[in-house]
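Subject: Structure for your review

Dear colleague,

Please find below the structure that I am handing over to you. I should be grateful if you would read the notes that come after it alongside the sequence.

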Amino acid sequence: MPYNIVVLAKQVPDTKKITGKAMKDDGTVNRAALPAIFNPEDLYALELALSIKDAHGGSVTCLTMGPPPAAELLRDALYRGADRVALVTDRRAAASDTLATSYILSCAVRHAGPFDVVVCGRQAIDGDTAQVGPQLAEKLGIPQVTYVEAVKDLREGSITVRRSTDHGVEVLKGPLPILLTVTDKAHEPRYPAMKRVMKYKKAATAGEARSAGKQAPAGDLVIEEWNLDTIGADLQRCGMAGSPTKVKRIQAIVLAGSGHKEIRPDPEGIEGLVHELIEDHTIG
Amino acid sequence: MDKNVVNRKGEVWVFIEAVGGRIADVSLELVTRGRELADRLRVPLAGMLLGSDVEGLAEGLFSIGVDRAYVAQHELLARYETHPYTKVAVDLIRRHNPQIVIYGASSIGRDLAPRIASTLKAGLTADCTDLQIGSHTDPVTKEHYKHLLFQIRPAFGGNIIATIVNPEGWPQMATVREGVMAMPEARDGRAGEVVRFTPELAPADVILSLVDEIPAESKVNLKAARVIVAGGAGVGSKDNFKLIYDLAGVLGGEVGASRAAVDKGLIDKAHQVGQTGTTVRPALYIAIGISGQVQHRAGMAEAAKIVAVNKDPDAAIFGVAHYGIVGDLNDVVPMMISAIRKRV
Ligand SMILES: Cc1cc2nc3c(=O)[nH]c(=O)nc-3n(C[C@H](O)[C@H](O)[C@H](O)COP(=O)(O)OP(=O)(O)OC[C@H]3O[C@@H](n4cnc5c(N)ncnc54)[C@H](O)[C@@H]3O)c2cc1C
Ligand SMILES: Nc1ncnc2c1ncn2[C@@H]1O[C@H](COP(=O)(O)O)[C@@H](O)[C@H]1O
């Protein structure tokens, strides 16, 4: 039987590429100096969704919330096999913490239509919180399984998944609809398919078409663009107003540089070090 | 945002994770910091203890400084499952209005805490490495808040440290990384109060069923190790990691690794130290062939003594080391082994 699967994916700055240049003087990160990428674990989430569709039929909808350039992530999702994509973009959503983000995403998921499985990455590499998945599940009023690695079985009304935790591996069975958060131990994501790239490189949001002076795309080349009104969100629960947590201070990490004792790389030097460590009871 | 109850007399709570009849180390560590926070605020420190047979653990909590244990026992809480645990924890929090609730950033804490936060519409900060009490003035409204919980955590791949507050969306909640706070010391003669809570649970509250379970193989115990000898990508090969094992062997220590060493397949992920691995604070940490990127340092900079071996005199690891040896590890490590054999 076919399933409606919704994947939540986020475009994130590639935090691996952070260098001194990417830090502003006030200690905040200059996002513009970093390449924007598909959040790594969200690619695994998309792959898991696509593999369910491959096995059972159905459709994969990919949603993202972010500024207009996040449409790029949705084109990538189309290249890899998503059937339908939508961008939630609205200035009033800026400065949302995980509680507000999960609220907005819950409105977007409901707006997208009926669903059987919602798939998130375990965590996004910018915030590293891993909170949005469980909070979204709670807002949708459905159960969650975090740290999922594989779907073992899926049949009418129920799903069996494997997850791995601090305590080992568990196989859990639960009812649909359900939300899964997926780790990078899951199946390796597929690459964009050449044929799909050719077809969908023209996919765009109405906003993108407008700023490129082109006609709005039609049919399955449409990247839907929703704002907070489209999805019926209560503005009190979005953005700054809906975010109980506030960032008080940001500090860039600098090396402690307290100065260390230089030990010569020869037997005498090293014997001296061992002697010191024994003397101060660190070893021995 | 709903303005939750701002209960300035509210207690400080620690979610006590009890798996297999044992309290998780991370919960014990939280008791240490929880005690300090509660003393600053002059309120009691309480533990939230859920399970099927956990009341017996309360005594141990009192001996390490907990004043009160909220004990919710029910056969449906025998093993951790998101939904009944959320339900009971939310009931307890609503009933008693603590001002702070902290959880370990374990696979259980990170599954449970966001679900609770969403239900309560409360703020939650993930993976903190430090918690403090301080005051805060809102930059926009200029409103001044006294005695808030400062939730301090690395973000952006460990490149920045952020201090987060939640002035109004109470209770103030955070998950805290394992290994960043010290273990508490037990003292005889400390007593506390058990507050029993009868959970209202029906079988339908347990939504997921366990089909199969494979417990993790004997985990590498980095956290308990007094001495850790860690190898990085500079070690070069799996065979050469034997040097690291040999040095750890003569010191009676555990073997750690950088992520690059793990990614290259030189050693198993269980050995990884750092932001996405284990946070450690041993008496001695010897970093060998590790460049010392911020994500690695995030997991070991708190070690009491750090020795670094690297052939690059400019390697970042020297910035956190107490002793630096600039040289080729293939020469230096055998010298260290023989020097220790001679002396110890
Ligand atoms: C989100 C995120 C999370 C991460 N989490 C972690 C984490 O938890 N833990 C972690 O460790 N990393 C983590 N990393 C990776 C981290 O950024 C570094 O890539 C990693 O720590 C580098 O490992 P390394 O020092 O072993 O390798 P390299 O950076 O390649 O350094 C190897 C070092 O060995 C030295 N060397 C080479 N040959 C010799 C020799 N013969 N003798 C002596 N010295 C020699 C070199 O001079 C060099 O300094 C994370 C990265 C990201 C983006
Ligand atoms: N702005 C967003 N748009 C779409 N999905 C998101 C967004 N933020 C978070 N998510 C999803 O929630 C997961 C966890 O994010 P986080 O809690 O920020 O670590 C991500 O892997 C995504 O699947």
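The notes that follow describe what was found, beginning with the overall make-up of one chain and ending with individual backbone features.

Please bear in mind throughout that this is a predicted model.

Chain A

Chain A has 284 residues, and 54% of them are buried. Its secondary structure consists of seven helices and 13 strands. Taken along the principal axes, the C-alpha atoms of chain A occupy a box of roughly 75 × 45 × 40 Å. Among the contacts in chain A with a separation of 6 or more, 67% are between residues 24 or more positions apart.

Helix 2 of chain A, residues 71–80, is mostly covered, with nine of its 10 residues buried. The buried residues include A71(A), L73(A), L74(A), A77(A), L78(A) and Y79(A). Charged side chains are on the list of buried positions too, namely R75(A), D76(A) and R80(A). Just after helix 2 of chain A comes G81(A), which has a positive phi of about 135°.

Nonpolar cores

The largest nonpolar core contains 43 residues, and V119(A) and L180(A) are the ones with the most contacts inside it. Helix 1 of chain A, residues 40–56, supplies the largest share of this core, at eight residues. A second core, separate from that one, has 36 residues; L273(A), F241(B), L284(B) and L329(B) are among them.

What does V119(A) touch, if residues up to four places away in sequence are not counted? Its partners include the run I5(A), V6(A), V7(A) and L8(A), together with A45(A), L48(A) and A49(A). V119(A) also touches L180(A) and V182(A).

Helix pairs between the chains

Two pairs of helices, each with one member in chain A and one in chain B, deserve a description.

In one pair, helix 4 of chain A (residues 132–140) and helix 4 of chain B (residues 109–120) have axes that come within 8 Å and cross at roughly 45°. Helix 4 of chain A is therefore oblique to helix 4 of chain B. Their crossing is right-handed. On the chain A side, the residues that meet the partner helix are P134(A), Q135(A), A137(A), E138(A) and K139(A). On the chain B side they are R110(B), D111(B), P114(B), R115(B), A117(B), S118(B) and T119(B). By class, the contact of these two helices has four nonpolar, three polar and five charged residues.

In the other pair, the axes of helix 7 of chain A (residues 267–279) and helix 8 of chain B (residues 329–343) come within 9 Å and cross at roughly 50°. Helix 7 of chain A is therefore oblique to helix 8 of chain B. This crossing is right-handed. Helix 7 of chain A contributes P267(A), I270(A), E271(A), V274(A), H275(A) and I278(A) to the contact. Helix 8 of chain B contributes V332(B), M335(B), M336(B), A339(B), I340(B), K342(B) and R343(B). Here the residues divide into nine nonpolar, one polar and three charged.

A loop residue in chain B

A225(B) lies in the loop between strand 13 (209–215) and strand 14 (227–231) of chain B. Is A225(B) buried or exposed? With a relative accessible area of 16%, A225(B) falls under the 20% limit and so counts as buried. Apart from neighbours within four places in sequence, A225(B) is in contact with E254(B) and P282(B). A225(B) and L284(B) are 59 residues apart in sequence, and their C-alpha atoms are 9.2 Å apart in space.

Backbone features

A cis peptide bond, with omega about -10°, joins L176(A) and P177(A). P177(A) is in the loop between strand 9 (168–175) and strand 10 (178–182) of chain A. In chain B, the peptide bond from W170(B) to P171(B) is cis, with omega near -5°. P171(B) is in the loop between strand 10 (160–165) and strand 11 (172–176) of chain B.

N97(B) is not a glycine, yet has a positive phi of about 45°. N97(B) is located in the loop between helix 3 (82–96) and strand 6 (100–104) of chain B, and is partly exposed, with a relative accessible area of 26%.

H147(B), a residue other than glycine, has a positive phi near 55°. H147(B) belongs to strand 9 (residues 144–155) of chain B. Its relative accessible area of 35% makes H147(B) partly exposed.

Yours sincerely

Terms used
Residues numbered from 1 in each chain as written. Chains lettered and ligands numbered in written order. Predicted model: local features only at pLDDT ≥ 70, side-chain atom pairs only at ≥ 80, totals over all residues. Heavy atoms only, no water. Core = buried A, V, L, I, M, F, W, Y, C linked by side-chain atoms within 4.5 Å. Buried < 20%, exposed > 50% of the residue type's maximum accessible area, 1.4 Å probe, protein only. Helix = DSSP H or I, 4+ residues; strand = E, 2+ residues; numbered from the N terminus. Contact = heavy atoms within 4.5 Å. Axes fitted to C-alpha atoms, helices over the stretch in contact; angles between N-to-C directions. Parallel < 35°, antiparallel > 145°, perpendicular 65-115°, else oblique. Left-handed = near helix turned anticlockwise from the far one by under 90°.
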